Amino acid sequence: MTVRTDLREVAERAEHELADASAAEALAWTAETFGDSFIVASNMQDAVLIDLAYQAKKDIDILFLETGYHFAETLGVRDAVDLVYPEARIVVAEAEQSVADQEAEFGLLNKTDPGRCCFLRKVVPLQRTLENYDAWVTGVRRVDAPTRATTPIVQWDERNGLVKVNPIAPWSDDEFDAYIAEKGILQNPLVGEGYLSIGCAPCTSKPLPGQDARSGRWAGQAKTECGLHG
Ligand code: SF4
């Protein structure tokens, strides 16, 4: 408990001190402050965040939520990340039930109750994994969706009880695309087909013209977030 209280103070101080930090500065601070006790989350849409973190520290842990419902292309990016960033370690977090067992018990929850499906296959495995760390690093950006417009670079993650670092929160789409182009960063081939925000296959479609990138997630349903980011 003492440690967690200290972590909250670290997060609250850094939220101000690193408010205008670059991604590289935020990640250098993360590596220096937390050592081996941070993990970089990736949905394997691209390897931008992984590449940035790898420059700050080679032997990073990378969190991949294996829901069992991913596109084959997403699993391909995961395997490619393993080759391109050999000193990093991919930590696979899975639900307690296999997809087959869940569907046998509940049917297609992603159709009937996607909130529960995400809770079982994403939120719980995430929380269980984060218990082993003092901080996690995410690729959340303010331009992703209106709900993310005020995302700070460092914040206290109340629900999970650790520090949350969002190094590329201020990045525009142009900055993001330029980083991929200039550095030749791995990117999920589905992006080129128009899938601008890639989650599980049953819940991902292409956004309509003029809509934000995340509008293709759970299209036609009230749900807009998987619950990973509060
Ligand atoms: Fe289930 Fe869809 Fe959530 Fe994936 S995104 S965990 S398939 S509801």
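## A tour of the ligand site and one unusual loop residue

A search of the whole structure turns up zero disulfides. Keep in mind as you click along that this is a predicted model.

**Stop 1: the ligand.** Select the ligand and show what lies around it. Ten residues surround the ligand, and the closest are Tyr 69, Cys 117, Cys 118, Cys 200 and Cys 203. Colour this shell by residue class and you should get seven nonpolar, one polar and two charged residues.

**Stop 2: helix 7.** Now select residues 114-130, which make up helix 7. Which element gives the most to the shell around the ligand? Helix 7 does, with five residues.

**Stop 3: the annotated cysteines.** Next, pick Cys 117, Cys 118, Cys 200 and Cys 203 together. An unreviewed UniProt entry carries the annotation "binding site" for these four residues. They span 87 residues in sequence, yet no two of their C-alpha atoms are more than 11.0 Å apart, so they gather at one spot.

**Stop 4: Cys 118.** Zoom in on Cys 118, which has its place in helix 7. Is Cys 118 buried or exposed? Its relative accessibility is 7%, so Cys 118 counts as buried, the cut-off being under 20%.

**Stop 5: Cys 200.** Move on to Cys 200, found in the segment after helix 9 (189-192). Cys 200 counts as buried too, because its relative accessibility is 10%. To see what touches this residue, hide its neighbours within four places in sequence: Cys 200 is then in contact with Thr 67, Tyr 69, Phe 71 and Lys 122. You have already met Tyr 69, one of the closest residues to the ligand.

**Stop 6: Met 44.** For the last stop, leave the ligand and select Met 44. Where does Met 44 sit? Look in the loop between strand 1 (38-41) and helix 3 (48-56). Check the backbone here: phi of Met 44 is near 60°, a positive value in a residue other than glycine. Then switch on a surface for the chain. Met 44 has a relative accessible area of 0%, so this loop residue is buried.

Key
Residues are numbered from 1 along each chain as its sequence is written. This is a predicted model: local features need pLDDT of at least 70, side-chain atom pairs count only at pLDDT 80 or more; totals for chains, interfaces and linings use all residues. Side-chain values use heavy atoms; hydrogens and water are left out. A disulfide is a pair of cysteine sulfur atoms within 2.5 Å. Buried means under 20% relative accessible area, exposed over 50%, partly exposed in between (1.4 Å probe, protein chains only). A residue is near a molecule or strand if one of its heavy atoms lies within 4 Å of it. Helices (H or I, at least four residues) and strands (E, at least two) are DSSP runs, numbered from the N terminus. Ala, Val, Leu, Ile, Met, Phe, Trp, Tyr, Cys and Pro count as nonpolar, Asp, Glu, Lys and Arg as charged, and the others, Gly among them, as polar. UniProt positions are given in the numbering used here, feature names are shortened, and annotations may be inferred rather than shown by experiment. Contact means heavy atoms within 4.5 Å.
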